[in-house]
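Here is a predicted model with a ligand in place. Let us go through the terms used for its surroundings, and check each against its cut-off.

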Amino acid sequence: METLIAYSTTLGCTEQCASKLKEDLGEGVEMVRISRRRRYNFQDYNTIIIGGSIHEGMIQRSVFKFCENNLEVLLQKQVGLFICCMDLDANEQELIDRAFPVKLVKHALASGFFGGELNIKKMNLLQKIMTRKAARLKKEPDIDFQKILDFARKIQEL
Ligand SMILES: Cc1cc2nc3c(=O)[nH]c(=O)nc-3n(C[C@H](O)[C@H](O)[C@H](O)COP(=O)(O)O)c2cc1C
């Protein structure tokens, strides 16, 4: 059986992390960007990994909706959850608890916080202004590739 990485990305960082995770996991892994119109063949997968990034304190609405709308089927799978963000004081468990439905957090067998990157080239003017003002956000890229590898190892052990 296969693994699905379902993710959302606003400026590309979460997609980069999902790609690295796919590479670390090896064979039998598919990646899909979450979208409202997409239909998912959940029966093809025994493991589903869901990832998104934090903007203005919230994970993408599409990620939360994906989890809510498919909760029953997700609760029958092996699930991993991950997040990208740049908060200097980020606490992994708090981030995960806030970003995903409670039942899914309790059910998940692996969760991870992979750091993040402010992809300035892809930002619109408002995003540039907002991130420049936000003192709590790290400005230097800080993706934790070791954490992605550790997360992959945990999934492989399931
Ligand atoms: C407009 C904007 C708001 C953000 N707000 C937050 C935030 O509230 N907390 C946080 O930790 N990171 C915040 N970030 C940082 C992103 O979570 C980080 O850059 C992440 O890597 C983006 O992933 P993505 O490129 O996949 O969207 C913000 C970034 C932008 C551009």
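**The ligand and its pockets**

By class, the shell around the ligand holds nine nonpolar, 10 polar and four charged residues.

Q: What makes a residue part of the set of 23 around the ligand?
A: A heavy atom of the residue must lie within 4 Å of the ligand. In this predicted model, 23 residues are around the ligand, and Thr-9, Thr-14, Ile-54, Glu-117 and Arg-136 come nearest.

Q: Why is the pair between Thr-9 and the ligand called a polar contact?
A: The limit for a pair of N or O atoms is 3.5 Å. An N or O atom in the Thr-9 side chain is 2.5 Å from a ligand oxygen. That value is within 3.5 Å, so the pair counts as a polar contact.

Q: What makes the pair between Ser-53 and the ligand a polar contact?
A: A polar side-chain atom of Ser-53 lies 2.8 Å from an oxygen atom of the ligand. The cut-off is 3.5 Å, so this pair counts as well.

Q: Which part of Ile-54 lies 2.5 Å from an oxygen atom of the ligand?
A: A backbone N or O atom of Ile-54 does. The pair is within 3.5 Å, so it is a polar contact although Ile counts as nonpolar by class.

Q: How much of the ligand does the protein bury?
A: Taken alone, the ligand exposes 640 Å², and the protein buries 98% of that.

Q: How do you know where the ligand sits?
A: To sit in a pocket, more than half of a molecule's atoms must lie within 2 Å of the pocket's grid points. The space taken by the ligand is the largest pocket.

Q: Which elements give two or more residues to the shell around the ligand?
A: They are α1 (13-25), β3 (45-55) and α6 (125-133). β3 gives the most, with three residues.

Q: What lines the largest pocket?
A: Its lining has 32 residues, and Ile-54, His-55, Glu-56, Met-86 and Leu-137 lie nearest the centre. The elements giving two or more residues to this lining are α1, β3, α4 (92-99) and α6. The volume of the largest pocket is about 560 Å³.

Q: What makes Arg-36 a lining residue of the second largest pocket?
A: A lining residue has an atom within 4 Å of a pocket point. Arg-36 is listed in that lining, among others including Ile-34, Tyr-40 and Lys-65. By class, the lining has three nonpolar, four polar and five charged residues. This pocket holds about 250 Å³ of space.

Note on methods. Residues numbered from 1 in each chain as written. Predicted model: local features only at pLDDT ≥ 70, side-chain atom pairs only at ≥ 80, totals over all residues. Heavy atoms only, no water. Polar contact = N/O pair within 3.5 Å; in protein donor to acceptor, adjacent residues only side chain to side chain. Areas by Shrake-Rupley, 256 points an atom, 1.4 Å probe, with all protein chains shown as cover. 1 Å grid on protein atoms, 1.4 Å probe; cavity = no way out; pocket = protein on both sides within 12 Å on 5 of 7 lines; lining within 4 Å. Helix = DSSP H or I, 4+ residues; strand = E, 2+ residues; numbered from the N terminus. Points joined across faces, edges and corners; volume = space filled by probe spheres on them.
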